[in-house]
Amino acid sequence: MQIDFLRAGLFIAMATGLLGSPGPGISALVSLGRSRGFARSMPFFWGLQLGLDVAAAGCAVGLFSLVRTIPGAVTTLAVIGTTYLVWLAYRIATAPVRGSSGARKNEPAFTAAGGFLLGVTNPKAYLAFVSLMSSQVVVRSNASADVFFKWLAIAVVIVVVDMVWLWIGAVLGRSDMGPRGERTLNVAMGSVILGSSILAWV
């Protein structure tokens, strides 16, 4: 197995840029880290990682392209994904801020299952995965090894960048932003998710 280390480095850099830019998953992690802290966000975090890994694997083996050949399948998945993303955007944007009534009691129930669902319905992630999987060859003379290397690199990059964003959210949670600052951040994170949901229809 011959790995082109220059191309591997460029691939990882490209993956970091694409997967580390704000989208539904990162917005949810920042919001959750701020409201619930780092440790309590772990179930959602690992559920999200599993969902993204499954989505990346589907793109790697061409499953996403196969689904697109089934009449109505893409539309059905888009409706399901968009409905969930809109709901998540609303819950984040309207989440109570500290100092308001019930601020710590009525937070959205972010679970491992919710994280997984977000991972497999994230339109931004699919666009990034398809782009990365179809990029230049990293492992020469072995197509299967090349696909596996790209999938593994994507999985590792996602864990690292998402962990950083979750930590940033936890740090923001320990700072005194004031009710207006917290509300502005909530609305901004919700807006990012809502905007990303439109990608499912583009």
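**Helix α2.** I began with α2 in this predicted model, and I found that twelve of its 13 residues are buried, so the helix is largely enclosed by the rest of the structure. I listed the buried residues of α2 as Pro24, Gly25, Ile26, Ser27, Ala28, Leu29, Val30, Ser31, Leu32, Gly33, Arg34 and Ser35. I then checked the span of this helix, which reaches 18 Å from its first C-alpha to its last, close to the 18 Å expected at 1.5 Å a residue. After α2 I noted Gly37, whose phi is positive, near 90°.

**Overall layout.** I counted nine helices and two strands in the protein, and reading from the N terminus I wrote down the order of elements as β-α-α-α-α-α-α-α-β-α-α. Of the 202 residues, I have 45% as buried. When I looked at contacts between residues at least 6 apart in sequence, I found that 82% of them join residues at least 24 apart.

**The core.** Which residues have the most contacts inside the largest nonpolar core? I found a core of 43 residues, in which Leu19, Phe44, Leu88, Ile92, Leu118, Phe129 and Ile154 hold that place. I recorded α1 (5-20), α2 (24-36), α3 (42-60), α5 (73-93), α7 (123-133), α8 (143-174) and α9 (178-197) as each supplying at least two residues of this core, with α3 giving the most, namely nine residues. I set beside this the general tendency of nonpolar side chains to be buried together in soluble globular proteins.

I followed Phe44 further and, leaving out residues up to four places away in sequence, found that it touches Ala28, Leu29, Leu32, Phe110, Thr111, Ala112, Gly114, Gly115 and Leu118. Among these partners, Ala28, Leu29 and Leu32 are also on my list of buried residues of α2.

**The surface.** I turned next to the outside, where the protein exposes about 10200 Å², of which carbon and sulfur atoms supply 70%. I located a nonpolar patch on the surface formed by Phe148, Leu152, Val156, Val160 and Val164, which together have about 440 Å² of accessible area. Is Val160, which I placed in helix α8, buried or partly exposed? I have Val160 as partly exposed, because its relative accessible area is 47%, which lies between the 20% limit for buried and the 50% limit for exposed.

**Trp87.** I looked up Trp87 in helix α5 and noted that it counts as partly exposed, at 39% relative accessibility. I also checked its separation from Ile193: the two are 106 residues apart in sequence and 9.7 Å apart in space, C-alpha to C-alpha.

Definitions and conventions: Residues are numbered from 1 along each chain as its sequence is written. This is a predicted model: local features need pLDDT of at least 70, side-chain atom pairs count only at pLDDT 80 or more; totals for chains, interfaces and linings use all residues. Side-chain values use heavy atoms; hydrogens and water are left out. A nonpolar core is a set of buried Ala, Val, Leu, Ile, Met, Phe, Trp, Tyr and Cys residues joined through side-chain atoms within 4.5 Å. Buried means under 20% relative accessible area, exposed over 50%, partly exposed in between (1.4 Å probe, protein chains only). Helices (H or I, at least four residues) and strands (E, at least two) are DSSP runs, numbered from the N terminus. Contact means heavy atoms within 4.5 Å. Patches are made of residues with over 30% relative accessible area and no salt bridge: like charges are joined within 9 Å, nonpolar side chains (Val, Leu, Ile, Met, Phe, Trp, Tyr) within 5 Å. Accessible areas come from the Shrake-Rupley method with a 1.4 Å probe; for residues, only the protein chains shown count as cover. A salt bridge is a side-chain nitrogen of Lys or Arg within 4 Å of a carboxyl oxygen of Asp or Glu. The expected span of a helix is 1.5 Å times one less than its number of residues.
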